[in-house]
Amino acid sequence: RDRVGQGRTGQGVSNPRLLITVITGGRPLLADRPTRRFFKSLSTLGDIEYVVREDQAADYEDDPGVPLNAYPVAWADRYARTHWRHPRAVFEAGGFHGAFTGREWAMQSAEERGYDLVLQLDDNITEFGPLDAPRTHYYRNILQPADSVRVMVEMALSTNLWMFGAQLATVQIGGSAPVARPGFPYSFFLEKTGPGRMPYYGPFEDDIMHAM
């Protein structure tokens, strides 16, 4: 616990343990999970796993070397019922919960296993690379996703930010982008484990609400 706590106060974590999780649901075929194209690079940073609800796990096509971290439906129902935030959508046991139960399970199970940070990825990411790099070979042959994530880890552990994400091209600001700024990271972001972490709420835009 002390080692993890030191990282949050900006003193640095020696050899931080990173868990890479792909939050998924309803995409049993590998072809429907393009995020896996980044696994070869990201595997140099830490363990990789899919996080999926157990009632869907049996139908998931196996991705060799990447385990399924399946969470119980009963747990998901209990968590969703007490963290449901929507004016019209109605909670239904065993029904659609969105991604927020998977995100919470990923964080809780990572902390139990001693990870310092979790890289949460959506399962349908198709591109990831340096800002303003229009030619794909810039980041496919020269700068790998793992290189960017290493920088993200160091920045996250050097600040008091709990959630730290990559900038989205759709919200790109003009001029020189600051190193870290308030925003709404989603699809590709880091989060620290441990006491003080906020719980996830849903069922929609869970990652954006989490950033707020």
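Modeller: A helix here is a DSSP run of H or I of at least four residues, and helices are numbered from the N terminus. The model is a predicted one.

Colleague: What makes D147 and R150 about one turn of the helix apart?

Modeller: D147 and R150 both lie in helix α7, residues 145-157, and are three residues apart along the chain.

Colleague: Why is the contact between the side chains of D147 and R150 called a salt bridge?

Modeller: The cut-off is 4 Å between a side-chain nitrogen of Lys or Arg and a carboxyl oxygen of Asp or Glu. For D147 and R150 the N to O distance is 3.1 Å, so the pair counts as a salt bridge. Side chains of opposite charge can pair when their charged atoms come close.

Colleague: What makes D147 and R150 partly exposed?

Modeller: Buried means under 20% relative accessible area, exposed means over 50%, and partly exposed is in between. D147 has 28% and R150 has 38%, so both are partly exposed.

Colleague: How do you know that D63 forms a salt bridge with R36?

Modeller: The closest N and O atoms of D63 and R36 are 2.8 Å apart, so the pair is within the 4 Å limit. This salt bridge links distant parts of the chain, 27 residues apart. D63 is in the loop between α3 and β3, and R36 is in the loop between β1 and α2.

Colleague: Is D63 buried or exposed, and what of R36?

Modeller: D63 has a relative accessible area of 5%, so D63 is buried. R36 has 32%, which lies between the two limits, so R36 is partly exposed.

Colleague: How do you know that the side chains of R197 and E104 meet in a salt bridge?

Modeller: The N to O distance for R197 and E104 is 2.7 Å, so this pair also falls within 4 Å. R197 is in the loop between β6 and α8, while E104 is in helix α5, residues 100-112. The two residues are 93 apart along the chain, and the pair links distant parts of it.

Colleague: Why are R197 and E104 called buried?

Modeller: R197 has 15% relative accessible area and E104 has 3%, so each is under the 20% limit.

Colleague: How many salt bridges does the whole structure have?

Modeller: A search of the whole structure finds nine. There is also a network of salt bridges, which links R103, D122, D206 and D207.

Colleague: What makes β3 and β5 the edges of the sheet?

Modeller: The open sheet has six strands in the order β3-β2-β1-β4-β6-β5, with mixed pairing. β3 and β5 each have a single partner strand, so one side of each is left without a neighbour in the sheet. From one strand to the next, the twist averages 30 degrees.

Colleague: How do you know that β2 and β3 pair?

Modeller: Two strands pair if DSSP finds at least two bridges between them. Four bridges join β2 to β3, so they count as paired, and they run parallel. R53 stands opposite Y71 in β3.

Colleague: What of β4 and β6?

Modeller: β4 and β6 have five bridges, so they too meet the limit of at least two, here in the antiparallel sense. L119 has L190 in β6 as its bridge partner. Helix α7 packs on the sheet and touches β1, β4, β5 and β6. The direction of α7 makes about 35 degrees with that of β6.

Colleague: Which residues of β3 are on the covered face, and which on the uncovered one?

Modeller: N69 and Y71 form the covered face, and L68 and A70 form the uncovered one. In a regular strand the side chains alternate between the two faces of the sheet.

Colleague: What makes the phi of S187 worth a remark?

Modeller: Phi of S187 is near 75 degrees, a positive value in a residue other than glycine. S187 is in the loop between β5 and β6. At 17% relative accessible area, S187 is under 20% and therefore buried. E205 also has a positive phi, near 50 degrees, and is found in the loop between β6 and α8.

Colleague: Which peptide bond is cis?

Modeller: The bond from G202 to P203 is cis, with omega near 20 degrees. P203 lies in the loop between β6 and α8.

Methods. Residues numbered from 1 in each chain as written. Predicted model: local features only at pLDDT ≥ 70, side-chain atom pairs only at ≥ 80, totals over all residues. Heavy atoms only, no water. Buried < 20%, exposed > 50% of the residue type's maximum accessible area, 1.4 Å probe, protein only. Axes fitted to C-alpha atoms, helices over the stretch in contact; angles between N-to-C directions. Contact = heavy atoms within 4.5 Å.
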